Amino acid sequence: MTIKTIAFQGRPGAYSDLACRTARPGWKTLPCKTFADTITAVHEGKADQAMLACENSLAGRVPDIHTLLPNAGLHIVGEHFQRVEHCLMAIHGTQLEDIKRVHTHPVAMGQIHTLLKTYNFTPVIEFDTAGAAELVALWNKKEEAAVASELAAELNGLNILQRNVEDAAHNTTRFYIAARTTDRLSVNTPDVMTTVLFEVKNTPGALYKVLGGFATNGINMTRLESYMTAGSFAATRFLMDVEGHPEDTHLSKALAELEFFSESANILGVYQQSPFRRQMKRALSDAAPNTTTDAIAG
């Protein structure tokens, strides 16, 4: 039996590596230096799929993917949400009072203010969370610690001193899963997401006309990002995630209006929603007040 491979950007033990192992259990993971290298690995057949971080609940969008994805030549075949749980780790035998410096990625460093302040640790920025763990293991000094994933500690033989040291419990990263080819989902497939890339003319009301069709057809838009192209400061290209299948009657009508008012439009992926998204929707639905019952009770 051939073992499939999924590529990610980062060092072994990075949160993207953890996302790969969670979403594709049993697959081999391939670490890549950059997002561009990750995409190239799929094109060259070194990997079957790529795990591409696209947005984080705290840090927002991932700029590199925003730029690379439209021209990647890959299909989005899935999505994955990975909870980011930071662990404070050091070599075995280290106590909290031994630590002087904490090493991690700048984004992660911005998410552990309470830890740094409580113990008066000196923050040291590194290129990668998993890379920070590798360095701490290499130095083999009790004065040095890293903040990274539990997987990074395991792979580098480090001891976890504290778990969940992040300031915000909801810290979650969303990933696109991309591949060279895709199996077309049936229009009857439940819980489908569609990702669309489109450009509008830089004229007043252009975006309003494009998006109007989604409102009138009752389509839920979960993401809309704009960015510059060809060195222009006019934001004319947009990346959008919506719920529904493009062949569904309502979304089909909305996309027809989008194409009519756009200079170009391209569907980057049609894929099923992740279990995490479905759980969030159910939780929000359960938490929403029953307006009919409330009105009667009032």
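These exercises work through strand S9, selected salt bridges and Pro190 in a predicted model.

**Exercise 1.** Determine whether strand S9 is enclosed or open, and which strands pair with S9.

*Solution.*
Step 1. Strand S9 spans residues 144–148, and 5 of the 5 residues are buried, so S9 is largely enclosed by the rest of the structure.
Step 2. Check both faces. Glu144, Ala146 and Ala148 are buried on one side, Ala145 and Val147 on the other.
Step 3. Find the neighbours. Strand S6 (residues 87–90) runs antiparallel to S9, with 3 bridges. Met89 has Ala146 as its bridge partner.
Step 4. Strand S7 (residues 101–104) pairs with S9 in the parallel sense, also over 3 bridges. Here Val102 partners Ala145.

**Exercise 2.** Work out which parts of the chain the salt bridges Glu79–Arg174 and Glu247–Arg184 tie together.

*Solution.*
Step 1. Glu79 and Arg174 meet at 2.9 Å, N to O. Glu79 lies in strand S5 (residues 75–83) and Arg174 in strand S11, so the pair ties together parts 95 residues apart in sequence. Both residues are buried.
Step 2. Glu247 and Arg184 meet at 3.4 Å, N to O. Glu247 sits in the loop between strand S14 and helix H9, Arg184 in the loop between S11 and S12, so this pair ties together parts 63 residues apart in sequence.
Step 3. Compare accessibility with the cut-off. Exposed means over 50%. Arg184, at 56%, therefore counts as exposed. Glu247, at 47%, is partly exposed.

**Exercise 3.** Place Pro190 and classify its accessibility.

*Solution.*
Step 1. Pro190 is in the loop between strands S11 (172–179) and S12 (192–200).
Step 2. Its relative accessibility is 51%, so Pro190 counts as exposed.
Step 3. The C-alpha atoms of Pro190 and His245 are 8.8 Å apart, with 55 residues separating the two along the chain.

Definitions and conventions: Residues numbered from 1 in each chain as written. Predicted model: local features only at pLDDT ≥ 70, side-chain atom pairs only at ≥ 80, totals over all residues. Heavy atoms only, no water. Helix = DSSP H or I, 4+ residues; strand = E, 2+ residues; numbered from the N terminus. Buried < 20%, exposed > 50% of the residue type's maximum accessible area, 1.4 Å probe, protein only. Pairing = 2+ DSSP bridges. Salt bridge = Lys/Arg side-chain N within 4 Å of Asp/Glu carboxyl O.
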